[in-house]
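Reader: I am new to this structure and would like to learn how to read its features one at a time. Could you take me through them slowly?

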Amino acid sequence: MMSGLGLELGLGVLILLVFFVGVLSTGANRRRVGVLAALGLLVLLVLSFRIEPGTALFGGTFVQDELAVFSKRLFLLATLLGVVGSLGLRAETFARRATEYYVAMLASLLGMLVLASARELILLFVAFELMSIPLYVLSGFRKQEAESVEAALKFFLIGTVSSAFIVYGLSFVYGIAKTTDLSGVVTALQQGHPLLLLGMILTLGGLGFKIAAFPFHMWVPDTYEAASTPFVAWLSVAPKAAGFVVMFRLYLEGVGDPVLLWVPVAAGLAAVTIVAGNLMAIPQQNVKRLLAYSGIAHIGYMLVGFAAVSADGVAMMLFYLVAYLFGNMGAFFVVEAVAQSDGSEAIAAYKGLAQRSPVLALCMLLFLLSLGGIPFVAGFWAKLYVFWAAAAAGLYWLVLVGAVLTVVALFYYLVVAKRMYIEPPDASAGEIRPSATLALAVILCALGVVALGVYPKPIVMAALRIATPLF
């Protein structure tokens, strides 16, 4: 069995290895450090299944409970897929600066791992910043392109504002609770002090920026469009999952009766996020922007489970995150494969994809069906389960909003499917041959979508086991 800090220490060693191998490598091509990063992450992912939950370190400020272990496995899996998908990046920038790219990704992952176990406000905030700062660097990695620099600046400025919201809110929390320990905050919350509630709401606003809920989503479409696609695939999943883990810790874990305070706030945030995300996705002609707004809508669906403020709601959110990981990352990897072949990210580039690459088109169709919630792929169960949890909590109006907008979402997903399967390819379009590593990432995501669609029970039961102790 691994120690409480085993994964974090192992990742620290991997970061140093990648750094020194990259620095000491000769020649302009340093892509091999990506293979080292992928192998190291695979080892850490395997070792994560040997962690024994229940460890508490540093006076209880760092815990290795079931939620932390599940989250860390999710982060490691997402980062492994992101790194594998990035190995095929062909731009000279990535060959020359691959060391910076992978070290930044791994450093952000380290912040996520610490964040999952943080049970103390200062540690939580520091881990959040350790996760966030490398993301700003990576979003502007193609610094020769004006769009990339603009998107990175927008991401950085809005991310800084969100951090200010969080730290300002936490200052109220500390001022009233007189402790930075989360158990002390929970105790103080029982008294219902208005300034403490204000601090929690301000913090929730800052977290809204991190998870890209409406109206805190402004950075998402530009950043997704301008940044490298494999990085965006990872950005769309892992940091969002980390934000939700923090929300579980702050607003639900052990709170008791005052947990019902967050029902109207979370339900309202979920509803406007679902509506805005889906409606803004409809007119998009760039696939990455379409997936960006679609991702905002999916954050809203996850917030439906949060609004239920129940063990079932949290468990179904965790399952949703796993299903979303495979569906959304897979879709972005297909976008990268098409862009490498055609140099275009427009929906028009998908005309006749089924003839140009039948396997790639089938995988994309599976991802779109999963994101749309069509039976029987992973996304169907994810949406159904969060709706069940919300209905059990009496939030029938929210379930209705989610169900109606799910039908709306099918429109823009099926537009892409129509281009792939019904419209003929352009005369100049040839066969698409993605790199071996990118093809592997696509196939792994497709297998995940199908497996969870056919047999979701193991992940659902594990999620329920994790969520029950929170309440």
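Author: Let us begin with the cysteines, bearing in mind throughout that this is a predicted model. The sulfur of cysteine 445 has its closest cysteine sulfur in cysteine 363, at 9.2 Å, which is too far for a bond.

Reader: Which cut-off makes that distance too far, and how many disulfides are found in the whole structure?

Author: A disulfide is counted when two cysteine sulfur atoms lie within 2.5 Å, and a search of the whole structure finds 0 of them. Seen from the other side, the closest cysteine sulfur to that of cysteine 363 is the one in cysteine 445, again at 9.2 Å and too far for a bond.

Reader: Are cysteine 363 and cysteine 445 buried or exposed?

Author: Cysteine 363 is buried, with a relative accessible area of 5%, and cysteine 445 is buried too, with a value of 0%.

Reader: How should I read a salt bridge, and how many does the structure hold?

Author: The general idea is that side chains of opposite charge can pair when their charged atoms come close. The structure holds 7 salt bridges. One of them joins arginine 465 to glutamate 66, with the closest N and O atoms 3.8 Å apart. Because arginine 465 lies in helix H21 (residues 457–467) and glutamate 66 in helix H3 (residues 66–86), this pair ties together parts that are 399 residues apart in sequence. Glutamate 66 counts as partly exposed, at 29% relative accessibility.

Reader: What does arginine 289 form with glutamate 225, and which side chain does arginine 289 meet in aspartate 222's pair?

Author: Arginine 289 and aspartate 222 meet through their side chains in a salt bridge, at 3.0 Å from N to O. Aspartate 222 lies in helix H10 (residues 220–226) and arginine 289 in helix H14 (residues 287–307), so the pair ties together parts that are 67 residues apart in sequence. Arginine 289 also forms a salt bridge with glutamate 225, where the closest N and O atoms are 2.8 Å apart. Since glutamate 225 is in helix H10 and arginine 289 in helix H14, that pair ties together parts that are 64 residues apart in sequence. Salt bridges that share partners join Lys154, Asp222, Glu225 and Arg289 into one network.

Reader: Where do the members of these pairs stand between buried and exposed?

Author: Arginine 289 counts as buried, at 18% relative accessibility, because buried means under 20%. Aspartate 222, at 21%, counts as partly exposed, and glutamate 225 is partly exposed with a relative accessible area of 30%.

Reader: How do I read a nonpolar core, and which helix gives the most to the largest one?

Author: In soluble globular proteins, nonpolar side chains tend to be buried together. Here the largest nonpolar core has 184 residues, and those with the most contacts inside it are Leu11, Trp234, Phe244, Phe248, Leu303, Met329 and Tyr350. Helix H15 (residues 311–342) gives the most to this core, with 22 residues. Setting aside residues up to four places away in sequence, phenylalanine 244 touches Ile211, Ile299, Met302, Leu303, Met317 and Leu321.

Reader: Which residues make the nonpolar patch on the surface?

Author: Leu16, Phe19, Phe20, Val23 and Leu24 make a nonpolar surface patch of about 510 Å². Phenylalanine 20 is found in helix H1 (residues 6–24), and phenylalanine 20 is partly exposed, with a relative accessible area of 46%.

Note on methods:
Residues are numbered from 1 along each chain as its sequence is written. This is a predicted model: local features need pLDDT of at least 70, side-chain atom pairs count only at pLDDT 80 or more; totals for chains, interfaces and linings use all residues. Side-chain values use heavy atoms; hydrogens and water are left out. Patches are made of residues with over 30% relative accessible area and no salt bridge: like charges are joined within 9 Å, nonpolar side chains (Val, Leu, Ile, Met, Phe, Trp, Tyr) within 5 Å. Accessible areas come from the Shrake-Rupley method with a 1.4 Å probe; for residues, only the protein chains shown count as cover. A salt bridge is a side-chain nitrogen of Lys or Arg within 4 Å of a carboxyl oxygen of Asp or Glu. Helices (H or I, at least four residues) and strands (E, at least two) are DSSP runs, numbered from the N terminus. Buried means under 20% relative accessible area, exposed over 50%, partly exposed in between (1.4 Å probe, protein chains only). A nonpolar core is a set of buried Ala, Val, Leu, Ile, Met, Phe, Trp, Tyr and Cys residues joined through side-chain atoms within 4.5 Å. Contact means heavy atoms within 4.5 Å.
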